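Me: Please take a close look at one part of this structure and explain in plain steps how its residues are placed. I should be glad to have each technical term defined as it appears.

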Amino acid sequence: MTTQTDATVGLRPSGLVLDGAEQVHLCASLFYFRVPREAWADRLAQVAASGYTLVDVYVPWNFHETAPGRWDFTGRRDVGEFLDLARDAGLGVVARPGPYICSEWDGGALPAWLTLEDGLALRQAEPRYLRHVEAWFDQVMPLLAARQRDRGGAVVAIQVENELDFFDTADRPAYLARLHELTLGHGITVPVVACAGQGDLAGATGGVDGITPAFNFYPDDLSPFVEAEVRQHADLVADRGEPLLVMETNRRHATLRRLLVSGAKVIAPYLQASGFDFGYTPSVGNWGDPGGFMSHDYDFGGYLDPVGVPRPEMAEARVLARVLRTLGPALARSTTASADGAFRVDVATSASPSRLVLDGGGELTGIPNLTDGAGTAAFPAWFGGPEVAVPLPAASCLLVLRDLPLDRFGLPGTLRLASADLVGAGPDGIELATAGASVVVLEAPGGRPVLVELAAPAPGAPVRARIEAGVDGVTWAVVVRHPADVDADAPSDGGTAADDAAAEHPSLTALTALDLPARTGRTTRHDVPPSSEEVGVYRGRTHYSTGLDGADELLIEGASDIVDLALAGAALPTVAGFGATFRLPVAGAGRLDATVETWGHANFDDVRLPALRLGSSRGLGRVWSVVGRSDVSVLWRVSAAGGWPGEPAPLRTLGGWSSTRVGEPTTYSRGLDVDDAHHHALRLAGVAGSVRVTVDGVTHTVTEDDPWLHLAPGTGHAVAITVPHRPGTGLAAELLRLEPVSGWDVEPQPDEAILDLSRADAAGEAVALPLELAPGEERWFEAAVPPGGLSLGFEGAQVRVSAFAGGELLGRVWLDDPARPRFTGGDAGRLWLPGAWNDGTVRLLVRATRGVEAPVLGGVRLTATQG
């Protein structure tokens, strides 16, 4: 892969230029780590058949460094082989090795052990962190460099970092400059880009020379303001002599068309090719509402579903790709302008539509229909004829060509207007595509425009017309195809293939209960409960047990992700609070047992809950016995800007000052009854959103999701709470005195240990479904399944199921439990058994939880999949 070739890659105002060819590129996300190796070639072929010319590929650090210093680029992790297959499929690759990738992946791909190193700061120009990044780049960059396009490979660009403008990096220029230096140091010669997640170019690139800014743009598909915002982005980079690269965006092709006419030169809808998060790899804490779990089914509605079945959007992909290929350099070199006043519509449309002025003549105008009903777009007369009205399909964006010279295609005259998509043109005629009726206006040199209304084609039944110019015998052959017939040798758009793949097998009605333990029971002694990462559990579970010595109430800080507790052997309801502090009454219980499972580390930085901070650890957290409590809601001194209230400061209850200055910051201050020997916890009831709390000069943020503040011994003598004043603020404060609970027996159970159990030989006996279990019970079962790819669906309540096959964890489902958090992504109840991993059996580790219903595992639905 190191042979030099004549291939070249460059960035020009016209976009990403490959081997001198100027073209607008469509790019599909396709992640090798979410697809079985056996399916890589097929998925890449499907993307290539869509007409997309690029794929963007994250390379997750923690997928390859599975433990500190332990690297794996073999089997499912052989990214080099994936890149070679992409080359063989004729696709270019935008490689995205991070170090941080987000991607709703465990920890955003940052290894879970990094923050065990005292003082290490993630995503900063901090020496300890950068040393780890350098070790990662030493592994991955040579693989990418050897597969650059000018060396015969697929890699056409490298993205460093991802959406850094969402993160509070102290010295962005220094951090990005070091990543850039490390990248170039490994022989990278293709363009290096960095993506802005919310439009802050300097925040994403650090302003570093040699890093080209790109945008990740996720609008509301029905927003009327998409075009105006994208044109501003295009103008911003045009002033820098750079193209508009949209490296992530929505998947709907109606929206992609709006980006195209607004100036985007690379358009990369995120996750057109879906997949599965096998193993313990999903993340937690996605998209605003804190505390969400990412499902193992990783699907946002792209044109390939997670098992590789094409969806109807595949036909729209092929059509748009053919438009880009047909217009070629003229489209790439086009300039963007507003289309205000160029047409009128009778449905909701863009507030400021866009058009492209094509190089060499002609215009491409985007006309969105933002409704679910059909409409009409009308163009005023501009060629001496009547007003031209064209059908505007529901939920669409027409790309209307006007005044396009046809001599570039070896045809006479000018295409004055086409409301259908131009997907081909040459000496033999003009090829259009649409699902509805269309209008074509053609004009021969020296002639008059000829308007023809064409009926809607049907799949397999194109509409053909020979249009006479009325001068010098000039005629044009026009064929209008249904989108399903464009590039008919490509995979179908989802009808028959999807139906065949969805064949139902009989549901399982019996399992084999295995004589196999759920854990080894080998523990080590710890004074306080360690984090999972401290005992080598970067993915998997950690088990804790301790005696309670007469405690009445515990305070547990930082427990996450899935916390199963038992008092004196009796299971309690599961806690999935993402590190939020909670109280636990324990009077009379002599022992506390806990199993803490890592669903995934946070992929985004969210201060509202402790376990949603990027780099936060997992495990039971800190456990305290509550040995004293007091109400500290009164005797707070009140102050505010402007000298009112005056001095001496009045004493009020917390939040109890009355003022007409609504919304202005008001500060409440007092000392707390703390000593220098105990830890304490301050709880603020009634927090709305968040408040700023200053303790002995150090400022903290306390949120309504976790309204607790831990006070180490010797702190809390001076506390100030600042809140926006509002009438009726109902704050209250309670101070707890704490003593640590010590003497813990801990069993780490990393993912490798669980996988080893899933492969162990074991005898068993048949049991019928549905199967009732006792709260807290955990058992292994085996299911016999038919051959081929299968979708597994589980029925029941108050149980969690982990499914294993082919030496891998297929994923986990959590059935009908009040403690279950919100799931995001795809179908949280579906797991996929790829055909290549199916040896006829699936092992299930089933844990029963305590809730409002009796735990029961019902049937297991089996649906055939094509993969």
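Reply: Leaving aside neighbours within four places in sequence, Thr249 is in contact with Phe217, Tyr218, Pro219, Leu256, Leu259, Ile267, Ala268, Pro269 and Tyr270; contact means heavy atoms within 4.5 Å. The model is predicted, so local features need pLDDT of at least 70 and side-chain atom pairs count only at pLDDT 80 or more, while totals for chains, interfaces and linings use all residues. Residues are numbered from 1 along each chain as its sequence is written, and side-chain values use heavy atoms, with hydrogens and water left out.

Thr249 belongs to strand E11 (residues 244-249). Helices (H or I, at least four residues) and strands (E, at least two) are DSSP runs, numbered from the N terminus. With 0% relative accessibility, Thr249 counts as buried; buried means under 20% relative accessible area, exposed over 50%, and partly exposed in between (1.4 Å probe, protein chains only). Phe217, one of the contacts of Thr249, also offers its backbone oxygen, which the side chain of Thr249 reaches at 2.6 Å.

Another of these contacts, Tyr270, leads to the aromatic residues. Tyr270 forms one aromatic cluster with Phe31, Tyr32, Phe33, Trp40, Tyr58, Phe63, Phe82 and Trp105. Rings of Phe, Tyr and Trp (its six-membered ring) pair if their centres lie within 6.5 Å; planes under 30 degrees apart count as stacked, over 60 as edge-to-face and the rest as tilted.

The structure holds 32 aromatic pairs. Among them, Trp113 and Tyr538 are edge-to-face, because their ring centres are 5.0 Å apart and their planes stand at 65°. Trp113 lies in the loop between strand E7 (92-98) and helix H4 (127-145), and Tyr538 in the loop between strand E32 (524-526) and strand E33 (540-547), so this pair ties together parts that are 425 residues apart in sequence. Trp113 is buried, at 8% relative accessible area, and Tyr538 counts as buried at 13% relative accessibility.

The pair of Phe293 and Trp814 is tilted, at 6.4 Å centre to centre and 40° between the planes. Phe293 lies in strand E14 (residues 293-294) and Trp814 in strand E55 (residues 808-815), so the pair ties together parts that are 521 residues apart in sequence. Both Phe293 and Trp814 are buried. In addition, the charged end of Arg800 sits over the ring of Trp814, 5.2 Å from its centre; this term requires NZ of Lys or CZ of Arg within 6 Å of the ring centre and within 35 degrees of the ring normal.

Note on methods. Polar contact = N/O pair within 3.5 Å; in protein donor to acceptor, adjacent residues only side chain to side chain.
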